[in-house]
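Pull up the model and let's take a walk through it, starting with a bit of strand pairing and moving on to charges.

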Amino acid sequence: MAAHARRRARRIATFAAAAVVLVALPASAQVDLGTEEQRAAGKVVYDKYCGQCHGDTGDGNGYATPRVKPKPRDFTTGTYKFRTTPNGMLPTDDDLRRVIEIGAPYTSMPGWPNLTSAEIQNVIYYIKSFSPDFENPDRYGEPIEIPRPLESTEESIARGRVVYEEQGCAACHGEVGRGDGPSAPTLVNDKGDPIKVADLTQRWTYRGGPTKEDIYRTFSTGLNGTPMPSYADSLEIEDRQHLVNYVYSLGNSDEPNYGTLITAVYSEEPIDLQDGETLDALFEAAPTTRFPLVGQITEPGRNFFPSVTSIEAQAVYNRDEIAFRVRWHDLRADTSGRNSPSLEVPMWDEDNGIGDDADDDGGDSDDFFGDFGGEEAPAEDDFFGDSGGDDFFGDGGDDFFGAADAGPPGAEFSDAVALQFPASLAPEGTPELKPYFLYGDSQNPVDLWFVNLTYGVADTFRGRGSESIEPTEADIVEAVTSYDQGEWTVTYKRRRSSRAGVSFAEQQYTPLAFSVWDGFNRERGNKRALSSWFYVYTEPSVQPATTFPIVRAAIIVLLLELLVVFLVRRRARQQAAGDEAAGTTLATTEAPAV
Amino acid sequence: MLGLNLPVVIVLAAIGGVLAWRRANTLTWLLYTWVALWAFFKYGFAVPIPQSVATIYLGITGLALVCFASSSRERLSETVQPIVRLILEPRYRLALAGLLVALPALAAYNVYADLNVPLEAPGFGREVHPPPPTEMTVHDETVDMATAENPYLHYKHDDPELYGEHLENGRRVYYENCFWCHGDGMGGDGMFAHGLNPVPSNFNDVGTLPILQSSFVHWRIAKGAPGLPGAGTPWDSMMPAWEKFLTTEEMWDVNLFIYDFNGYEPRALGQH
């Protein structure tokens, strides 16, 4: 009965919506291109704030374009990703306004909170003037209605998981949503630019926003110009809502909640890297901190679009040893190539679309992943560089990725990770002093615990600046690695005391920094994702009791209070007695000096 | 506005107004002053101020209030009278008992909260605009920091067209190199800024570009983090030494552009 009624209601609603469209469109009420003055005012704002990326002619080809990914929108095409309108249609002014106001997270599109509402409207009019589509009433669609999200019950999430499997979401987004589906490495947008699949477990990176309403909108309208389709026709509204709940359940926060320090917890247990279960149990007890990673853009080998934007880290220690565990997401395991912190990257790395020919526009997108750096043979049409030789995925690899001819050749460079510590700590009581966070400097070297994930063992290097990174064997660092469903896990272990490097004493703040290389993104050497200096704090092995100081504070305050009460009352009594003796009475009690 | 959390400030002021209207007694005023100051420090600023600073201010204020209250015999007796009445008069017995329990509980909670503050990385002092050297060498040319000026600035009046060309070149350099950290709108809030410590310079800020000579900005651009003295914590800053990547002209052009974009002029020579 209920279902029937609902269907009926939906039919009426559809009819009503159709009627609205029929009435509205011929009047072309939605075509609002603003006045000449508004567009002129919009141009002023656009030229100052937008043209550097979107191009002064709106073609998405500004100064920054070769060095950002995803590419800035080309306004001449009339293709927009984030819309409330049906697939293929133009966005509403409110859709455009939303992106201008808050931006698209983890892309080069920032929010513009300082622009006034009128300025934004004028910019919208000006942006619309770049594409003739906005004059065509047929390109306008009614915005979809976004229903109130369903409650995230277990049943709803389970139903959403079924929909996720049925609709093949995992092909791109991966089995558990880490953006590591078999097709992920092959995806391009309608301009042929490589495009990164959303990591559904990290909601804060969703380009279209992290709320359930945002997610529903993306399913229901698709992202025009990208492989992300609309499910408006293939999925009932309710199923889309269940899918929203499932996708939402894959992450646990709208915010990355970046931290600044790892707390290393003490354990009596031995740390055995080969005993996975015990190791997992040890780390279960240690808090996890997420740290932001950004591209290394200070030294040659500048990395403008690092694949990995954050890393999670934990630490445990016992009497003799300390262990670190780091985790990050990567769309595929590149374990066939080479990598090292000191691998040379050309001064002007053509992978970044920069260099002498950056000014002529042709083919920037084509050589996105190509390498013209000089140390390797040029590979003209080859998206991912090297197609021969040490190519793990080249022949058998096609099966691995499912799609026979779309499968990319193997990466020339392998995934890798490094922890970085100062080689020595500044003596207690001296001013703050650390090595340069980019591989140290000549006076203050750093130690790198580097793991090339092709080999899965830790190599130690001593860095005295980017030009001076030497292998060292002063300390033995062990490591185990694993790749599972789009996530790398690397666990390191070393003796706490060191003869040549930093020792991890109890209750010590030790600076540390991270580097991650994604071979797929041709990251190697100084072309890497890195972090600033953070800290690891070795928690005291014996935790001080907390009850005692709390009770002590309460008792001290109480005793003080009682003392005051006692003194005041005694004084009053004495005074009363004194007054009686003097034979006078005071109307009010005189205040004693306390 | 002014970096203040306005609703909090308004509420605090309103409470003060009510107290004035009700002709509150001296003790209430003293308590109000201290608690309002505490609340202002804790909740009144958009960007939290360091705990240690707040503690110093509150300590000094507390002392001042005690001095004020005990400055004369009359004022002292006026101040403590409500307390004495609370302790002595039988009708306040319940309130007294409540206070006797509440204060130790507050103290206990304070200690508990202190023990449970999440660990933070140790802080450190950093000089934001450390003194520049007296001279530096950029691309084999010696730049006298005291007298050097942006060589293209005068075109603004002498040759606006040429000035425009230098600006446009500066715009190109900025958006090819700088905006990842310093931001599209130059608010120091580029897409990599969240991962950096110290955060990139905010060029919109009236306390940054306008108080600096263009030679200082040139020094920061050319020498970057590695050229900072120790007080500027060069090991933490991501600012590249742009002389490695850019020509001298490009560096002066981008210098010109960041001033022009924000509508500022460099501090003139000899101006203090």
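Find B:M136 and look straight across: B:V143 in strand 2 of chain B stands opposite. The two strands here, strand 1 (residues 135-138) and strand 2 (residues 141-144) of chain B, run antiparallel and share 4 bridges. The hairpin they make has 2 residues between the strands, and B:H139 takes a positive phi near 50 degrees there. Keep in mind that this is a predicted model.

Now for the charges. Side chains of opposite charge can pair when their charged atoms come close. Searching the whole structure turns up 35 salt bridges over all chains. One of them joins A:R67 to B:E176, at 3.7 Å from N to O. That pair crosses between chains, going from the loop between helix 3 and helix 4 of chain A to helix 7 of chain B. A:R67 counts as buried because its relative accessibility is 5%, and B:E176 is buried too, at 9%. Both belong to a salt-bridge network that also takes in B:R172 and B:E250.

Staying in chain B, B:K156 pairs with B:E265, their closest N and O atoms 3.3 Å apart. This one links distant parts of the chain: B:K156 is in helix 6 and B:E265 in the segment after helix 10, 109 residues apart. B:K156 is partly exposed at 30%, as is B:E265 at 44%.

What forms the negative surface patch? Its members are B:D158, B:D159, B:E161 and B:E165. B:D159 sits in the loop between helix 6 and helix 7 of chain B, and with 31% relative accessibility it counts as partly exposed.

Note on methods. Residues numbered from 1 in each chain as written. Chains lettered and ligands numbered in written order. Predicted model: local features only at pLDDT ≥ 70, side-chain atom pairs only at ≥ 80, totals over all residues. Heavy atoms only, no water. Pairing = 2+ DSSP bridges. Patch = residues over 30% accessible without salt bridge, like charges linked within 9 Å, V, L, I, M, F, W, Y side chains within 5 Å. Areas by Shrake-Rupley, 256 points an atom, 1.4 Å probe, with all protein chains shown as cover. Salt bridge = Lys/Arg side-chain N within 4 Å of Asp/Glu carboxyl O. Lys, Arg positive; Asp, Glu negative; His and termini not counted. Charge placed at Lys NZ, Arg CZ, Asp CG, Glu CD. Buried < 20%, exposed > 50% of the residue type's maximum accessible area, 1.4 Å probe, protein only.
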